[in-house]
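Visitor: Could you pick one part of this model and go through it closely with me? I'd like the actual residues, not just the overall picture.

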Amino acid sequence: MLFHVCCGPCFARAGSLLRDEGHDVVAFWYNPNVQPYKEFEARLGAFEEVCRAEDFPAIVDDTYDPERWLRDALEADDRCEACFRDRLTITASLAAGEGFDAFTTTLLASPYQDHELARSLGEEAADVAGVAFLYRDFRDHWKESRKRTFELEVYRQKYCGCIFSERDRFLGEPPVEEPPNRVD
Ligand code: SF4
C-alpha cells in the first residue's frame, strides 16, 4: 500500500490503522504545494520523524518548484482541486509503476480538507493509472493522530500549505475577487 502523506500529524494514526488491518504500508511524501521553503522543510522533517518513530518505510519526492506550482494554481479554475489532483496523480502513477496493489492519502484524514474532493480525485487518479484506490474516512482518528504528534513532539503546521492559505490564516478570505493573473 502506497500511502501519500500530506503531513506527519495526519499520518501518525492513519498509517498504523492500515497496518493493523494487515496492509504493508509505505509512506510517500510529495507536497509541492507547501510554501515557503522553510515551512516545506519543517513539514518534511515532521513526516520523516513520524515514519521513524512508527517504523514506516518512506519514499520522498522533495520537488519544490514554486514557479510551476503557482502558475498551475493561478491558471486553474479551482486551485485546491488542481493541488489535490497533482498530488494524487503523482501518487497513483508511482503506485502503478512500482507495483503497489493500491494507494491512499492522508487528505482523507483532516477535517479541514474537502473530503469528497479527495475521494473523487483519488478514484479518478486510480482509473487513469490503472491501480486501486483505497478509500477510508480517517477523520474519526484525527484528534488521536494529533495527540500522537504531541507525544512525539513533531512540528504541527498552522495552515493548509500554499501561500494563499497562509494569507487566509491571518486575513481570512479576500473580500473581493483576486486580481487577474495577467494583463492582456
Ligand atoms: S489551500 Fe491547501 S489544498 Fe488548497 S491549494 Fe492551497 S495547499 Fe492546496
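Guide: Let's look at helix packing, starting from helix 2 and ending with another helix pair. This is a predicted model, where local features need pLDDT of at least 70, side-chain atom pairs count only at pLDDT 80 or more, and totals for chains, interfaces and linings use all residues. Residues are numbered from 1 along each chain as its sequence is written, and side-chain values use heavy atoms, leaving out hydrogens and water.

Helix 2 spans residues 37-54 (helices are DSSP runs of H or I with at least four residues, strands are E runs of at least two, both numbered from the N terminus). Just look at what sits ahead of helix 2: Pro-36 is in the loop that links strand 2 (26-29) to helix 2. The peptide bond from Gln-35 into Pro-36 is cis, with omega near -5 degrees. Past the other end, Asp-55 sits in the loop between helix 2 and strand 3 (58-60). Asp-55 isn't a glycine, yet its phi is positive, at about 60 degrees.

Now for the partners of helix 2. Its axis comes within 9 Å of the axis of helix 1, and the two cross at roughly 30 degrees (axes are fitted to C-alpha atoms over the stretch in contact, with angles of 0 to 180 degrees between N-to-C directions). Helix 1 is therefore roughly parallel to helix 2 (under 35 degrees; over 145 is roughly antiparallel, 65 to 115 roughly perpendicular, the rest oblique). Their crossing is right-handed (the near helix is turned clockwise from the far one by less than a right angle). On the helix 1 side you'll find Gly-8, Phe-11, Ala-12 and Arg-19, and helix 2 brings Ala-46, Phe-47, Val-50, Cys-51 and Glu-54 to the contact (heavy atoms within 4.5 Å). Sorted by class, that's six nonpolar residues, one polar and two charged (Ala, Val, Leu, Ile, Met, Phe, Trp, Tyr, Cys and Pro are nonpolar, Asp, Glu, Lys and Arg charged, the others, including Gly, polar).

Helix 6 meets helix 2 quite another way: the axes come within 11 Å and cross at roughly 90 degrees. So helix 2 is roughly perpendicular to helix 6. Glu-49, Val-50, Ala-53 and Glu-54 of helix 2 touch Arg-148, Thr-149 and Leu-152 of helix 6. The class count here is three nonpolar, one polar and three charged. Val-50 and Glu-54 turn up in the contact with helix 1 and in the one with helix 6.

Then there's the pair further along the chain. Helix 4 (residues 79-97) packs against helix 5 (residues 115-129) at about 40 degrees, with the axes 8 Å apart. That angle makes helix 4 oblique to helix 5. This crossing is right-handed. Helix 4 contributes Cys-80, Glu-81, Phe-84, Arg-85, Leu-88, Thr-89, Ala-92, Ser-93 and Ala-96, while helix 5 answers with Leu-117, Ala-118, Leu-121, Gly-122, Glu-124, Ala-125, Ala-126 and Ala-129. In that contact, eleven residues are nonpolar, three polar and three charged.
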